[in-house]
Amino acid sequence: MTAKVVEILSAEEIRRTINRLASEIVERTGDLSSLVLLGIHTRGVPLAHSLADYIQRLEQVEVPVGAIDITFYRDDLDQIGMRTPAKTVIPPGGLAAKTVVLVDDVIYSGRTIRAALNAVNDYGRPELIRLAVLIDRGHRQLPIHPDFVGKQLPTAKEETVKVFLQATDSRDAIELVSPY
């Protein structure tokens, strides 16, 4: 049986979605001098950089961007297997007393975000932590909900959301892969 693949967002739609998310972050943050974007490895990192670029264009403010690896904070390493951790990069000025926006491509069960919250605590105590995701596909197992959502995409548990970004995949697209 062949999987069915449907494009959910094109490159242009992703560009517009990131632009809208950047505008929403600016509106809800107020004082941009305390804002830090922290991308969750892997695709949250280029998304965080894209959001920072859009905020720079909108507000002429350079927003610090960092990257956080959650490998050792996961509660499912026995199920997904060990992988080589990526480098965590905390921007100069740290996270203490900052408004940190965690950035990820897809939120599903909420377990990745729980792990990211635990990791952030090891690097300082932000004033406020928010969450921005490109796709919210539902099926939460934890009471974690994003503050900024690019697209709500109700899915079946058997389906997969594939995010392709220029920085990691040489193209921009979001696809829904269905086994039936």
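These are my notebook entries on the sheet, the cavity, a pocket, an annotated motif and two backbone details of a predicted model.

**Entry 1, the sheet.** I began with strand order. The model has an open sheet of five strands, and reading across gives β3-β2-β4-β5-β6. The pairing is parallel. I then looked up the edges, which are β3 (65-68) and β6 (148-152), each paired on one side only. Ignoring direction, I get an average turn of 25° between neighbouring strands of this sheet.

**Entry 2, helices on the sheet.** I checked what α1 touches. Helix α1 packs on the sheet and is in contact with β2 (35-40), β4, β5 and β6. The direction of α1 makes about 150° with that of β6. I did likewise for α2, which lies across β2, β3, β4 and β5. For α2 I took the angle to β2, and that is about 150°.

**Entry 3, the β4 and β5 pair.** I counted bridges here. Strands β4 and β5 pair in the parallel sense over eight bridges. Which residue of β5 stands opposite Asp104? I find Val133 there. I kept both names for the next entry.

**Entry 4, the cavity.** I searched for enclosed space with a lower limit of 30 Å³, and the structure holds one cavity of that volume or more. The largest cavity contains about 40 Å³ of space. Its lining consists of Ile18, Leu21, Leu47, Leu51, Val103, Asp104, Ala132, Val133 and Leu134. Asp104 and Val133, the opposed residues of the previous entry, are therefore both on my list of residues with an atom within 4 Å of a cavity point.

I sorted that lining by element. At least two residues each come from α1 (11-29), α2 (44-59), β4 (99-107) and β5 (128-136). Which element gives the largest share? I assign that to β5, with three residues. By class I have eight nonpolar residues, no polar residues and one charged residue in the lining of the largest cavity. Asp104 is the charged one, by the class list I used.

**Entry 5, the second largest pocket.** I turned to open space. The second largest pocket has a volume of about 160 Å³. I count 13 lining residues, and those closest to the pocket centre are Ile18, Ser50, Leu165, Gln166 and Asp172. Ile18 is also in the lining of the largest cavity. Two or more residues of the pocket lining are given by each of α1, α2 and α5 (166-169). Helix α2 has the largest share, five residues. I sorted the pocket lining by class as well: eight residues are nonpolar, three are polar and two are charged.

**Entry 6, the annotated motif.** I looked up the record. UniProt, in an unreviewed entry, places the short sequence motif "PRPP-binding" at residues 100-112. In the model I find that residues 100-112 are 62% strand and 15% helix. I put the C-alpha atoms at the two ends of this stretch 16 Å apart.

**Entry 7, backbone details.** I went through the peptide bonds and noted a cis bond joining His41 and Thr42, with omega about 15°. Where is Thr42 found? I place Thr42 in the loop between β2 and α2. I also noted Gln60, which is not a glycine yet has a positive phi of about 55°. Gln60 sits in the loop between α2 and β3.

Notes. Residues numbered from 1 in each chain as written. Predicted model: local features only at pLDDT ≥ 70, side-chain atom pairs only at ≥ 80, totals over all residues. Heavy atoms only, no water. UniProt positions renumbered as here; feature names shortened; annotations may be inferred. Helix = DSSP H or I, 4+ residues; strand = E, 2+ residues; numbered from the N terminus. 1 Å grid on protein atoms, 1.4 Å probe; cavity = no way out; pocket = protein on both sides within 12 Å on 5 of 7 lines; lining within 4 Å. Points joined across faces, edges and corners; volume = space filled by probe spheres on them. Pairing = 2+ DSSP bridges. Axes fitted to C-alpha atoms, helices over the stretch in contact; angles between N-to-C directions. Contact = heavy atoms within 4.5 Å.
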